[in-house]
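Me: I should like to understand the terms used for this structure, and how each one is justified. Could you set each value against its definition?

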There are 2 protein chains.
Amino acid sequence: MQNLSPKKINDLQFKVMSSCVNSRMAKFKAGEYITSFGLRQKTLGLVISGKADVVRNTIEGNIIVTKKLDVGSIFSDAFSCFSLDSVYVVSKTDTEILFIDYPQIFKKCPMNCPNHSLMVSEILNLLTDNFVTLNEKISILSCRTIRGRFLTFCTLCLAETNQNSFTLPYSLSEIADYLCVDRSALMRELKKMEEENIITRQNRHITILDYPDINDYLI
Amino acid sequence: MQNLSPKKINDLQFKVMSSCVNSRMAKFKAGEYITSFGLRQKTLGLVISGKADVVRNTIEGNIIVTKKLDVGSIFSDAFSCFSLDSVYVVSKTDTEILFIDYPQIFKKCPMNCPNHSLMVSEILNLLTDNFVTLNEKISILSCRTIRGRFLTFCTLCLAETNQNSFTLPYSLSEIADYLCVDRSALMRELKKMEEENIITRQNRHITILDYPDINDYLI
DNA sequence: AATGTTTTGTTGCAATTGCAACAGAAATAA
DNA sequence: TTATTTCTGTTGCAATTGCAACAAAACATT
């Protein structure tokens, strides 16, 4: 859920492109499938602008969103699509992707270029962010009830503010998808939680009134 | 689900301990909480021997198993326990853990020790394995039904054999935990799938008879 | 051999949830 | 503006699932 500023991204982009690793920019229109067909080896995609979803087909026939990509997000064949062939990336808006030849990155720089080690450490940070995102998703999906999933999602959003209220970053439909629950069932559960004075809601603005030990789940 | 041979692990362990990074061995008894209290910085734990579970408390009050650790598995504060403070590691048997000071690894080796780059590339492989494991878990949890989750789990197991049958690596109780479903509900669903001639089962040995397009989900 | 513990198997019941279908509101495009 | 698409909201119904509780089997320990 953490985004990088455009400035930081441009900076990183510059470092990558002016360093010794193999990389390539590519543009995709909204709705297009994003692939790294240009580079043969395992590549890592860095979102320079736009939005995209990492989606997968479940064995049940549903299409679910694993991860929502924003400026600064990374994704990779090697990291996401390895064990199951039913994972792919779809652009939601026009996007620019910087593909980076991944195995090369961590090797010793043959040219001793000044940006190499800086780039490496920043990409490592992106990788750990990626781990965090996956773990957030697992935290959500590990809950058996819609209520648990939604409130877990809320704690993740709240961790970035320091209040007890926040604005949902996506539409309720998209959030239902992300939580892997039926949208109408989510609506029903939201109403229920309002009735039980656990939350209040005006459109996408949510306030957490009370939930047992919810503070234990905030950082 | 991929394990490394003891030989490979001993080899990696040797490389780590004889190289320039900060590391330390620790032993834990069955049932103990595994922590890296010795090292201040972000550390990465490598299982040298024994078994352990990465578990987390959900907001609903359930305890669920995120990942099952075996010889060669890695885990890390930085990668697992970042955003939620309710994640911890418990040993199932007596275990030996090699803690490695993580941010140091990818820096230039000040001693130019011969093992450094080999160690780095092997640890990177472990990291990608870790990504794969997390993604497997997400694939499972993204299914809304017990049937979908179980069959997804089966495809992951089958990917290692080249047959249509395999033996469940854990007890049914543990598998129910891993799939985040109720054990009795899993038993019920297994019986149902047998009745529908989707699978057969003798104890922990499962044979997949037929499921629409299940081959699409195998590598 | 006796004991305790974990695993497996079963069932009734209540609660949650997905699904389908519809309709109005809001946003976007033409 | 009008038209079109997406988003929000609601409901009935059926199916799945979790929960609780129990008992037998398998396994481990003393």
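Reply: We begin with the word "near": a residue is near a molecule or strand if its C-beta atom, placed from the backbone, lies within 6 Å of it. The model is predicted, and local features need pLDDT of at least 70, side-chain atom pairs count only at pLDDT 80 or more, and totals for chains, interfaces and linings use all residues. Residues are numbered from 1 along each chain as its sequence is written, while chains are lettered from A and ligands numbered from 1 in the order in which they are written.

Me: How many residues surround DNA strand C, and which are the closest?

Reply: DNA strand C is surrounded by 17 residues. The closest are Thr145(A), Ala185(A), Ser171(B), Leu172(B) and Ser184(B). Helices H5 (146-158) and H7 (183-195) of chain A, and helices H6 (172-178) and H7 (183-195) of chain B, give two or more residues each to this surface. H7(B) gives the most, with four residues. Helices (H or I, at least four residues) and strands (E, at least two) are DSSP runs, numbered from the N terminus.

Me: What makes up the surface near DNA strand C by class?

Reply: The classes are nonpolar (Ala, Val, Leu, Ile, Met, Phe, Trp, Tyr, Cys and Pro), charged (Asp, Glu, Lys and Arg) and polar (the others, Gly among them). The surface near DNA strand C has five nonpolar, five polar and seven charged residues.

Me: Which residues come nearest to DNA strand D?

Reply: Of the 18 residues around DNA strand D, the nearest are Ser171(A), Leu172(A), Ser184(A), Thr145(B) and Ala185(B). At least two residues each are supplied by helix H6 (172-179) and H7 of chain A, and by helix H5 (146-158) and H7 of chain B. H7(A) gives the most to this surface, with five residues. By class, five residues near DNA strand D are nonpolar, five polar and eight charged.

Me: Why does Thr133(B) count as buried?

Reply: A residue is buried if 20 or more other C-beta atoms, placed from the backbone, lie within 10 Å of its own, exposed if 12 or fewer, and partly exposed in between. Thr133(B) has 22 such neighbours, and therefore counts as buried. Thr133(B) is found in helix H4 (residues 116-141) of chain B. Its C-alpha atom is separated by 7.7 Å from that of Lys67(B), although the two residues are 66 residues apart along the chain.

Me: Why is Val55(B) called partly exposed?

Reply: Val55(B) has 18 other C-beta atoms within 10 Å, a count between the two cut-offs, so Val55(B) is partly exposed. Val55(B) is in strand E4 of chain B. Leaving aside residues up to four places away in sequence, Val55(B) touches Ile63(B), Ile64(B), Val65(B), Thr66(B), Tyr88(B) and Val90(B). A contact requires the C-beta atoms, placed from the backbone, to lie within 7 Å.

Me: How do you know that strand E4 of chain B pairs with E5(B)?

Reply: Two strands pair if DSSP finds at least two bridges between them. Strand E4 (residues 52-57) and E5(B) are joined in the antiparallel sense over six bridges, so they pair. One bridge partner in E5(B) is Leu69(B), which faces Ala52(B). The hairpin of E4(B) and E5(B) has five residues between the strands, and there Gly61(B) takes a positive phi near 95 degrees.

Me: What makes strand E5 of chain B mostly covered?

Reply: In strand E5 (residues 63-69) of chain B, five of the seven residues are buried.

Me: Why are E1 and E6 of chain A called edge strands?

Reply: An open sheet of four strands in chain A has the order E1-E8-E3-E6, with antiparallel pairing. Strand E1 (23-28) and strand E6 (74-76) each pair on one side only. The pairing of strand E3 (residues 43-49) with E6(A) runs over three bridges, and therefore satisfies the requirement. In E6(A), Phe75(A) is the bridge partner of Gly45(A).

Me: Which domains does chain A have, and how many residues of domain 1 touch domain 2?

Reply: The domain bounds, which come from an automatic or database assignment, give domain 1 (6-139) and domain 2 (146-217). Five residues of domain 1 are in contact with five residues of domain 2. On the domain 1 side, strand E5 (63-69) and helix H4 (116-141) of chain A give two or more residues each. E5(A) supplies the largest share, three residues.

Key:
Contact = placed C-beta atoms within 7 Å.
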